[in-house]
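Biologist: Please take one pocket for a close look, and then follow the subject of salt bridges from there. A formal account for a first-year student would be welcome.

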Amino acid sequence: MRLLTTARDLSRRKARERDGLFVAEGVRAVEELLASPLVVQGVLCGPQLLDNERGAHLRAEIERREGLHVSDVSEGEFASAASTESPQGVLAVGEVPARSLSDLAGRATCRLLVLDSVQDPGNVGTMLRTAHALGLDGTVALPGTVDLWNAKVVRSAMGSLFKHHALHTSLDVLDGFLAGQEIALWGADAAGSSVKTLSPPARLALAVGGEGAGLTTAVRERATQLVSVDMRGDAESLNVAVATGILLYELQP
């Protein structure tokens, strides 16, 4: 039952940061994790995993993995560790990969997404998927942003978090990296210039702020350009993940 206890404990950010572990819950998330280069410590299985063909196929794949610890628990026990309303009966405990900004140094071109106090895990997961899909080099989460290894972020990212170079860092560390690599910092803001009127540099970091509040003062003051999405209708604003996707698409090199 040690794996069950660990999975329960990892619902807390402090435990994830202390142990360097995270939980991937659900058939799709576990499939993606097993197909990634990340280290998987073990898999917790409930009886409902065998309720459909895809789940049964995943269970067979898990059984074929040499050295992978598998723990079978009751439906009730699984629910005590699950974070979803309708658990699919499978979750995996993985090791948070060691990533740093220095891994991205020295590239001829560089595109980064900077999350500045973005707190909704669903939005963050969607932005990670978008950054990965559009070929960005990395995503940086500044203090105030939800934990990238939060279970909902992991699910929403649909496997991108396991492959895309996403990490937490401080504003001071980001400052030093951007200056040393000569990467411009732009900020997303409704009052900024239309993205369609700008020519982005080859080395660019785009900062997006939290839902409602927008960019923090510290990040806004560092941005050399504010950029916005043109809106033809009379809506007040766009969802931050939607706006980020449009901006990243328009700012492709």
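Modeller: Helices are DSSP runs of H or I with at least four residues, and strands are runs of E with at least two, both numbered from the N terminus. The model is predicted, so local features need pLDDT of at least 70 and side-chain atom pairs count only at pLDDT 80 or more, while totals for chains, interfaces and linings use all residues. Residues are numbered from 1 along each chain as its sequence is written, and side-chain values use heavy atoms, with hydrogens and water left out.

The chosen part is the second largest pocket, with a volume of about 240 Å³. It has 13 lining residues, and E17, V96, D147, W149 and H168 are the closest to its centre. A pocket is an open set of points on a 1 Å grid over the protein atoms alone, where a 1.4 Å probe fits and protein lies on both sides within 12 Å along at least five of seven lines; lining residues have an atom within 4 Å of a point. The volume is the space filled by probe spheres set on the points, which are joined across faces, edges and corners.

Two elements, helix 2 (13–19) and strand 7 (166–168), each supply at least two residues of this lining. By type, the lining of the second largest pocket holds six nonpolar, two polar and five charged residues. Here Ala, Val, Leu, Ile, Met, Phe, Trp, Tyr, Cys and Pro count as nonpolar, Asp, Glu, Lys and Arg as charged, and the others, Gly among them, as polar.

E17 leads from the pocket to the salt bridges. Its side chain meets that of R13 in a salt bridge, at 2.9 Å from N to O; the term requires a side-chain nitrogen of Lys or Arg within 4 Å of a carboxyl oxygen of Asp or Glu. E17 and R13 are four residues apart in helix 2, so about one helical turn separates them. E17 is exposed at 53% relative accessibility, and R13 is partly exposed at 33%; buried means under 20%, exposed over 50%, and partly exposed in between (1.4 Å probe, protein chains only).

The count for the model comes to 16 salt bridges. Another of them joins the side chains of E31 and R54, at 2.6 Å from N to O. Because E31 lies in helix 3 (residues 27–34) and R54 in helix 4 (residues 53–64), this pair ties together parts that are 23 residues apart in sequence. Both ends are partly exposed, E31 with a relative accessibility of 25% and R54 with 45%. E61 and R65 form a further salt bridge, at 3.2 Å from N to O. E61 is partly exposed at 26%, and R65 is partly exposed at 32%. Shared partners also link salt bridges into one network of D9, R12, R18 and D19.

The largest pocket may be set beside the chosen one: it encloses about 570 Å³ of space. Its lining comprises 23 residues, and D189, A190, S237, L238 and A243 are the closest to its centre. Helix 10 contributes the most to this lining, with four residues. The lining of the largest pocket divides into twelve nonpolar, seven polar and four charged residues. L238 sits in the loop between strand 10 and helix 10, and it is partly exposed, with a relative accessible area of 36%.
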